[in-house]
Amino acid sequence: MAQITQSVGRLIDELAKLPGIGRKSAERLAYHLLRVNKSEALGLSDAIRDVRENVRYCTQCYNLAEGELCTICGDVKRDAGQICVVEQPRDLMALEQAGVYRGRYHVLLGRLAPLDGIGPEQLTIDKLVERVRGGGVREIIMATNPTVEGDGTALYISNVLAEYPVQITRLARGITTGSVLEYTNKEVLADAMTGRQRL
Ligand SMILES: [Zn+2]
């Protein structure tokens, strides 16, 4: 096997750990980074450092934020009476791109998956209940993925919230069962939000 330098080998090893990047792609990326000019290559490492040092979870909704609150929680024009519950920040991004929702969000940072040992205490459900208990919330929109685990999570949360005077709705079934929000196109997501139904 051809000899590569130690640092090139290390870069390839690190790149190959990324999801969807096999060994061959990692090699291609590494050689690309060696070929482009230095500032371009270092721009990538700066961006990684920046994101890891400055980005954290919003203290209110667990979306990604660069301060205490994310841009949505910090926006007084967003309706605080509606909370849309999603699994991950990337689901929130997909819904934002659909452009029809003007309320707030709550990011669970996962979904209930008993077989993988993921129970309610590993998610941010307590914090959601706290927000509802705080008052001023009219509607909780369940936008977990239409999968067995996503549906189970929505059901669990709606049971937990049953004692509070909030309306609980679920995205309409325009989204194919088993599909994932982040890969669903904007129009379908917009329809699912507009046509949401009482759970
Ligand atoms: Zn937030």
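**Exercise 1. In this predicted model, is arginine 138 buried, partly exposed or exposed, and what does its side chain meet in a salt bridge?**

Step 1. Start with the relative accessible area of arginine 138, which is 48%. Buried would need a value under 20%, and exposed would need one over 50%. Arginine 138 therefore counts as partly exposed.

Step 2. Now look for a partner. The side chain of arginine 138 forms a salt bridge with that of aspartate 79, at 2.7 Å from N to O.

Step 3. Place both ends on the chain. Arginine 138 sits in the loop between helix 5 (125-133) and strand 5 (139-142), while aspartate 79 belongs to strand 3, so this pair ties together parts that are 59 residues apart in sequence.

Step 4. Check the partner too: aspartate 79 has 25% relative accessibility, so it is partly exposed.

**Exercise 2. Which residue forms a salt bridge with glutamate 68, and which parts does the pair tie together?**

Step 1. Find the partner: it's arginine 56, and the closest N and O atoms are 4.0 Å apart.

Step 2. Locate the two residues. Glutamate 68 is in the loop between strand 2 (64-65) and strand 3 (79-86), and arginine 56 is in strand 1 (residues 56-57), so the salt bridge ties together parts 12 residues apart in sequence.

Step 3. Have a look at the accessibility of arginine 56: at 44%, this residue counts as partly exposed.

**Exercise 3. Where in the chain are glutamate 149 and arginine 111, and which residues do shared partners join into one network?**

Step 1. Begin with the bond itself. Glutamate 149 and arginine 111 form a salt bridge, with 2.6 Å between the closest N and O atoms.

Step 2. Map the positions. Glutamate 149 lies in helix 6 (residues 148-160) and arginine 111 in the loop between strand 4 (103-107) and helix 5, so you're looking at distant parts of the chain, 38 residues apart.

Step 3. Follow the shared partners: Glu87, Arg111 and Glu149 end up in one network of salt bridges.

Step 4. Compare each value with the cut-offs. Glutamate 149 has a relative accessible area of 26%, so it is partly exposed. Arginine 111, at 31%, is partly exposed as well.

**Exercise 4. How many salt bridges does the structure hold, and how many positive and negative side chains does the protein have?**

Step 1. Count the bridges: the structure holds 12.

Step 2. Count the charges: there are 25 positive and 25 negative side chains.

Step 3. Locate the centres of the two sets, which lie 3 Å apart.

Notes:
Residues numbered from 1 in each chain as written. Predicted model: local features only at pLDDT ≥ 70, side-chain atom pairs only at ≥ 80, totals over all residues. Heavy atoms only, no water. Lys, Arg positive; Asp, Glu negative; His and termini not counted. Charge placed at Lys NZ, Arg CZ, Asp CG, Glu CD. Helix = DSSP H or I, 4+ residues; strand = E, 2+ residues; numbered from the N terminus. Buried < 20%, exposed > 50% of the residue type's maximum accessible area, 1.4 Å probe, protein only.
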